[in-house]
Amino acid sequence: MANADCIIIQGSNMAEAHPVGFQWVMEAKSRGATIIHVDPRFTRTSANAHKHIPTRAGSDVVLLGALINHVLSNDLYFKDYVLAYTNASTIISEEFLDTEDLEGLFSGYDPETGTYDPASWAYSAPGEDGKVADASAFEGQEGSHWTAGRAGAGEAFGSGGPPLEHGIPARDETLQDPRTVLQILKRHYSRYTPEMVTEACGISRADFDYLARALVENSGRERTTCFAYAVGWTQHVGGAQFIRTAAMLQLLMGNVGRPGSGIMALRGHATIQGSTDIPTLFNLLPGYLPMPKAGAHDDFQTYADSIGRKEQKGFWAESRTYAVNLLKAWWGEHATAENDFAFDYLPRLDGPAGTYQTLMRMLDDGVDGYFLLGQNPAVGSANGRMQRLGMSHLKWMVVRDFSMIESATWWKEGPEIDSGELRTEDIGTEMFFLPAANHTEKAGSFTQTQRLVQWREKAVDPPGDAQSELEFLYELGHRIREKLRGSTDPRDRPLLDLTWDYPVDEEGEVDPEAVIAEINGRHETGPKVGQPLSGYTEMADDGSTSGGCWIYAGVYADGINQAARKKPGYEQDEFAHEWGWAWPMNRRILYNRASADADGKPWSERKKLLWWDETAEKWAGPDVPDFPADKAPHDPGDVEAGGAKGLAGNDAFVMQSDGRGWLFAPTGLVDGPLPTHYEPVDSSIPNPLYPQQANPTREFIQDRDNLNAPGMTGDAREEVYPYYFSTYRVTEHHTAGGMSRWLPYLAELQPQLFCEISPELAAEVGIEPYGWATIISPRAAIEAIALVTERMTPLTISGRTVHQIGLPYHWAQGTHAVVEGDSVNDLIAMNLDANTQIQNSKVTACAIRPGRRPRGAARQELVEELQRRAGLQLDTGDQLLTAPDFPEGTERQDIDLQSGESIEETFDLPRHESGGEDQRTTGTEED
Amino acid sequence: MTHSEYDEYRPPEPPRRRRGGRGAGPGGKGKRRRDLTESGGDGSREMAMVEDVEFESYYGRPVVKAPPWETPIGIYLFVGGLAGASGLLQAGAALTGNTELRRSARLVAIAAVGVGTPALVIDLGRPERFLHMMRVFKVSSPMSLGTWILSSYASGAAMTAANEVDRLTGERLPFGPLRPLLRLAEGPSAVLQGVMGAPLAAYTAVLLGDTAVPTWNAARHGLPFVFVSSASLAAGGMAMALTSQKNAGPARLLAAAGVIGDIVGMHFTKSRMHPLESEPLEEGTPGKLLTWAERLAVAGGIGTLLARRSRTVAVASGLALAGASALTRFGVLHAGHESVKDPRRVMIPQKDRLEKRRAAGITDDSITTGW
Amino acid sequence: MPRFSFLEWPVVRQLRDGDVLGRGTSVTSKRTRSITPRTAEADHVAHSVCPYCAVGCGQLVYSKDGKVTQIEGDPASPISRGRLCPKGSASEQLVNSPRRITTVRYRRPYGTEWEDLNRDTAIDMIADRFLEARRNHWEDVDDKGHALRRTMGIASLGGATIDNEENYLAKKLFTAAGAIQMENQARI
Amino acid sequence: MGLLSGPEENPAADSGWGHDHARKGFFTDTSICIGCKACEVACKEWNRNPQDGDLKILGSSYDNTGSLGANTWRHVAFVEQKKDRIEEARESGRKLVSLGMPTIGPRSGAAAPGGRAGEDFTGVDTTPPDTPEFRWLMSSDVCKHCTHAGCLDVCPTGALFRTEFGTVVVQSDICNGCGTCVGGCPFGVIERRDDGTVSPKEDRGRVQQEVPNKGTANKCTLCYDRLVEGEEPACAKTCPTTSIKFGDRSDMVEQAHERVAQLHAQGMTEARLYGANPEDGVGGTGSVFLLLDEPEVYGLPPDPQVPTADLPHMYRTAAVAMGGMLVATALAFLGGRR
């Protein structure tokens, strides 16, 4: 980042959330880079930027789309780069219809299920004018149960998206064909004008021009611009598309794969990257292999082909190999070619099983036991009240943490005990609190946000009963296997056949190096038997090698823990390849082939990174090439061979099946191939761009305790929830507070929950500076100290004043931490992004009033009083389709938006029905 | 909370002398009054209740801190002065052969030292370390000098008082063979006590003046006069009260001189101060204390003129004078504490003097520089 | 109390040292003269990584007699160059906090208080309950007859704060047991 | 001879250390402070200082520790300002520049101030930037480690001393808590540590942190116990953006002059230095600051004078007063005999 000439920070408060990472921004600034912060609030990041541009939360696609429109319509994009490395020239099927044609929807929408069939978004095949490139590419998805189930589709297909049959679709290098991606883009974003930005985001023309000028002037051969985002983009319905818009813009400007370029995702937990690479996520297996789906992936080959076919371009072609190695690592000698490497041992999904679906199942008494491994959902998850109520339905719960977090004490001192909704004596949940070892008390690796795996040495032994997860999980697995020993039940085979013999030291602690060695993989047979793999290219698909996570292959190359390398940074170049190990293959900049032009020459001397060395016939440069090292720039690629061999010399985006950066995503996203602006779910502002108000594929969990504000469907005369709040974190605390509210040195720095409001809003509702304010959403009411500050700016959106409220979410009610406060996430509804299953916590409608909230039962009564006034129904805000002239959805046109008609049947999600209310011991009383 | 109790006594804020043109601080600074009595731990970090300020400060918070000197130090300031002037009185009496006055002065002195020294120790954060005061002899530290002054004075006072008490009790104290030595030391001890008397009375003024506490620091030009006068009137008053009219003449005169010096000195002191610095001496609790100190001093002073005739009047005016001295000390002490609470009292006089120097062409001595 | 030595009396040293004003060398105490940093007294220094956010700043963990005495930034880290944010700087408190719980706590169903429990027993009880929950909510096939081979009776949340190796074992064990409901902060 | 005021090149030399040691100091560049407060925490961690205050929002933007004190030795100030105030700051800074450099120049010989202004700034856009609508100043304050330290000079026990690094440090094993130093400091830095400032919620059975050095005066030691082994102070080491720099004081002052010249060249005339002038009321500070507004905005005194500077004069006044007292006594006896 220090190499960037312009850094646009949007959807992130980097200086506050990642102060040490921000040093690189400050360094770039001191080297002359322009820093721009686009955010609803003026934060510590804004304070150090050249310019802060206040915007409306949730309107990011309008702004970024307008920038795309600006660079396209004024020919300001990096044409050589775009032609060489993106799919701009690719021709799309003539069956494709854009939002321009369909009032804000794309072709393929099924109003019954609220989902898209992406078949019409496909590439055109060469010669076959206007026909879908290869219909069979979508076999196994089209119309399948799985597609309808819409589970975490974005990540279900790994990082390359689902496969395309061939890497060479029809193209028009002149970019003139109206069906080329570039022309589609031009049309799609033609409505995204600077005027529209003013209208929808509240950003003035002057500010937009400043931003556009900074971006354009700092892109191209000589200069690069970098984007940084964080949960300010992901935690939206449609959040994945926010990021894609920025990615597309960066591709158009040639800012991917080059020094000081790219989109920097700033993540909030020590190894949140690692925990997706080696996922504790329902829909993924290690290395972004999807969990198999019932019906769709009943045999191994179908499963492997659905990820990447042998014949396709790029590294996903070897997906079967990666899966074989994983299965070998897990089931060792029991995984053989004959039994498809024990593929059948894997459980199958039939729909999303994320934390919010699990919660609804808990409330239905469908879950017995719950493990919390260093997470505090009673505070950190949306709709905290439902989270705690869900816990009261469990038979048992295991909390592993350092201190008595609120998810461990909810049965004794949670807000529901206060309000009388729950009584400790009536709660049957058996609680185990197991003290955890912390980061100094165990060795192991974290993967940080730039994919760098870093090993930690152990400093001391854990105190008392505290132990590492490694030791606990190993011990648990060991005992479970002991208890099942001799079982003949086939369902117990996967447990009994599991490789679970890790070396243990005299204190019962598992050697973590043995685990990372298994993740790295080794030769199982052959002359190198027992030797660690040096990289994933060494993996075989015949069972002669094993490896727990293919992208991590090489981390234990030569039997050396590469992640533990600690050669000081000041003794190395800026890539510091000998500090830790980055996946894949210790590469520090992904897609770095794009740092050179089509001929393999650097775009400029200033931004040199990788180049083709004619004499050595190799790619040279300070970073490890993210490309076959000896493939010449003009190599056409062996299309028939597929895989890495299939890549052409300029297919810089080696994970994509056409080798190109995707401006248009023919597959992989469930809510459209091009990012489109939709209003937040409970926004009462009409979508200024399309009749379609909100994202038509969003997921909503319908429950009496998860009501939505009416948004556009409400009574315009009395807006009960007229303001919008965003949640966020501050430097002084960490997430739900489990690692910060207990520490006096951090607690004293931000001792109380506060809300940030503009002086205008304070005057409007009568809140005193540093006095108390009560914030009420359709789910909960909380109190906070009001920081009345000019840092919050009221915006004029579509002719009306929009007030935004800032709420950090680190506090919770309890008596064990040093400081306490109400839990902000109690306010938030579970509305999920269909691509990622991440909830929206950045825009929520609310009311605010001066003074403290009521105590005891009166607290919930206040919430319900506002619900009544707003006339909330179970399905309020649940209306997916609002485009009146959507041709395929005519049968839904005449739905009365106020009627509250349930469209529950359009979902096949496991959901908590309203009728289940009275079965719960703890349900909210209906009046 | 300490500061709300001060607040109760605080009179409505008078109109401020404002620096024109200074815009009010934006976003929660300066002008706004905040009721944050809950916050703040110890006295010095509390939120000052600064109303209607039109100058820049950091949320109206104090800029300098006052030493944590509470009631025991107030007592010490009083009895230290009393002892100091009594030291001179006993020396004079000894020289002039005024045995009764000598005895009264010595007994007052030893009583004062007996009260003052423990008061000093009690006020330490770590009283068990009071001997650390004797580790060094620092001329730059009035407290260090004062320690040495007090200890020399106290040793002299102890010897002279021991002799007096011994004589008073008819040599019944168990001194045994040491008695001749005691008598032998009486003369030099009286001289020591006399020599240390004036420094003991005066050093506390330097001690207060040598701080960054605005009111004390600004009072440094006159405070020594106030303190020696206050000491004189107190010692004179006490001696006058304890001595028969015929022998109390010098005490009465000293007291009367003290009263004049005290009143003149205080007015002189204030005249050299910035109005914002002298305000605490006139307003609020310290202002009240000082007003009453002056009234008592005047009453006591008039009393001394009549005290030759009546022992009752002598005793009453003696007590009034002692009371005046005590009130003066507490008044000055608290005025200092009061003056640090409001950052204006630090900032504005400093800005004024900086401006004045700049206007006079001295531009090279500012802590803030543009280069 | 150290015995009083006249020559070491600072008043005398003021004259001996030429530090007449008693400002420097003459007034130092024995403790001051022998002061050393805590980090120099550590018997072990571990190279570690900050446990808070995903920037991955390097930390040096100093310990003495099996207790962490200081945690500082690791200047060798090319990521952080020795710097830490307030949370990273406070991580010694995370280790040594008196509020940290270091024994197993157990609350029986309908109980009103925490109780003590032996760790071994606790893990055994959890293993029993794991198997029971797995059985209770086992699903062999879906309604169309496709194999599911899974249990919905057990869920797990968390992973972004624990090690890669630990995530790996968790995913491995849960998947083998058929427990699919795993999530972590990546989606929160 | 130890001076009580005026320029002084090496205060350590005056304190028996000789001339072998370079004076150490901080340069806190508030123009790159991100207000993360890592310095506050790192300082407390290293020094084991107790938590401060009573865990309530203080009503000063994001600042909830309030000020420097016995327990908080680094304190980050937060100031929110609107356009009119920014323009005033820019104007007052411009005036400062126009006041010009002292005719004599600093006698310390540390840095040739302004000499850096002649540096090559070609390629740097020197047009004054538009005044932003709003700004949020952050600044980490610390003990100034004055050339003429009031706290040190008034200390009666020798607990406060000048180190070989020219810094001012309290020896907590010596201090008896007399509190004189508290009043001696013109910046309100040093403070006596009470018991009352810690953990107000103990009534709820919370675990108390142990409070070291109760009842003694406390302030920044510039990590004397780290400096002796060549380590840098905890705050400077942790500072993510190098807003806090540590080094030889002469280098710090030089960097400060360079930086302010650089900012002026960018049109940011609001930038100014605090404590870099050896002619000021404390003889220059060991901790030099670059500020973006007048010092009082940050809670710093605009014209601090070390009280001991005037001590000789005060002694003279006291001598006159004592003389008067002697004369009065003598006259009283003369008159009283009549």
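This passage describes selected features of a predicted model, taken chain by chain from strands and helices to surface patches and unusual backbone angles.

In chain A, an open sheet of three strands is found, with the order β13-β14-β17 and antiparallel pairing. The edge positions are taken by β13 (444–447) and β17 (581–582) of chain A, each of which pairs on one side only. The contact between strand β14 (residues 452–456) of chain A and β17(A) is antiparallel and consists of two bridges, and within this part of the sheet L452(A) stands opposite A582(A) of β17(A).

The loop between β17 and β18 (611–613) of chain A contains P584(A), which is joined to W583(A) by a cis peptide bond with an omega of about -10°. M585(A) is placed in the loop between β17 and β18 of chain A as well, and its phi is positive, at about 60°, although M585(A) is not a glycine. Both features may be set against a general background, in that most residues other than glycine have a negative phi and most peptide bonds are trans. With a relative accessible area of 27%, M585(A) is partly exposed, because the partly exposed class lies between the limits of 20% and 50%.

Elsewhere on chain A, a surface patch of negative charge is formed by D505(A), E506(A), E507(A) and D511(A). Of these residues, D505(A) is located in the loop between α22 (493–496) and α23 (512–520) of chain A, and it counts as partly exposed because its relative accessibility is 33%.

Chain B is described by 12 helices and one strand, and when the chain is read along the sequence, the pattern is α-α-α-α-α-α-α-α-α-α-α-α-β. Of the 371 residues in chain B, 63% are buried. A patch of another kind appears on the surface of this chain, where V298(B), I302(B), L305(B) and L306(B) make up a nonpolar area of about 360 Å². V298(B) belongs to helix α10 (residues 284–306) of chain B and is partly exposed, since its relative accessible area is 35%. In helix α11 (residues 311–341) of chain B lies K341(B), which counts as buried because its relative accessibility is 10%. From C-alpha to C-alpha, K341(B) and L233(B) are 32 Å apart in space, while in sequence they are 108 residues apart.

In chain C, strand β2 (residues 58–64) is mostly covered, with six of its seven residues buried. Strand β1 (residues 44–49) of chain C runs antiparallel to β2(C) and is joined to it by six bridges, and H47(C) has L60(C) as its bridge partner in β2(C). The pairing of β2(C) with strand β3 (residues 67–73) of chain C is likewise antiparallel and extends over six bridges, with Q59(C) placed opposite G73(C) of β3(C). The connection between β2(C) and β3(C) is a hairpin with two residues between the strands, and D65(C) in the turn has a positive phi of about 50°. A positive phi, near 55°, is also found at R149(C), a residue other than glycine. R149(C) is placed in strand β7 (residues 147–157) of chain C and is partly exposed, as shown by its relative accessible area of 25%.

In chain D, strand β3 (residues 134–142) is mostly covered, and nine of its nine residues are buried. In a regular strand the side chains alternate between the two faces of the sheet. In β3(D), F134(D), W136(D), M138(D), S140(D) and V142(D) point one way, whereas R135(D), L137(D), S139(D) and D141(D) point the other way, and all are buried. Strand β2 (residues 74–82) of chain D pairs with β3(D) in the antiparallel sense over nine bridges, and among the residues involved, A77(D) has S139(D) as its bridge partner in β3(D).

A further buried position in chain D is P233(D), which lies in the loop between α5 (224–227) and α6 (234–238). P233(D) is classed as buried because its relative accessible area is 0%. The separation of P233(D) and G284(D) is 51 residues in sequence and 20 Å in space, taken from C-alpha to C-alpha.

Notes: Residues numbered from 1 in each chain as written. Chains lettered and ligands numbered in written order. Predicted model: local features only at pLDDT ≥ 70, side-chain atom pairs only at ≥ 80, totals over all residues. Heavy atoms only, no water. Patch = residues over 30% accessible without salt bridge, like charges linked within 9 Å, V, L, I, M, F, W, Y side chains within 5 Å. Areas by Shrake-Rupley, 256 points an atom, 1.4 Å probe, with all protein chains shown as cover. Salt bridge = Lys/Arg side-chain N within 4 Å of Asp/Glu carboxyl O. Lys, Arg positive; Asp, Glu negative; His and termini not counted. Charge placed at Lys NZ, Arg CZ, Asp CG, Glu CD. Helix = DSSP H or I, 4+ residues; strand = E, 2+ residues; numbered from the N terminus. Buried < 20%, exposed > 50% of the residue type's maximum accessible area, 1.4 Å probe, protein only. Pairing = 2+ DSSP bridges.
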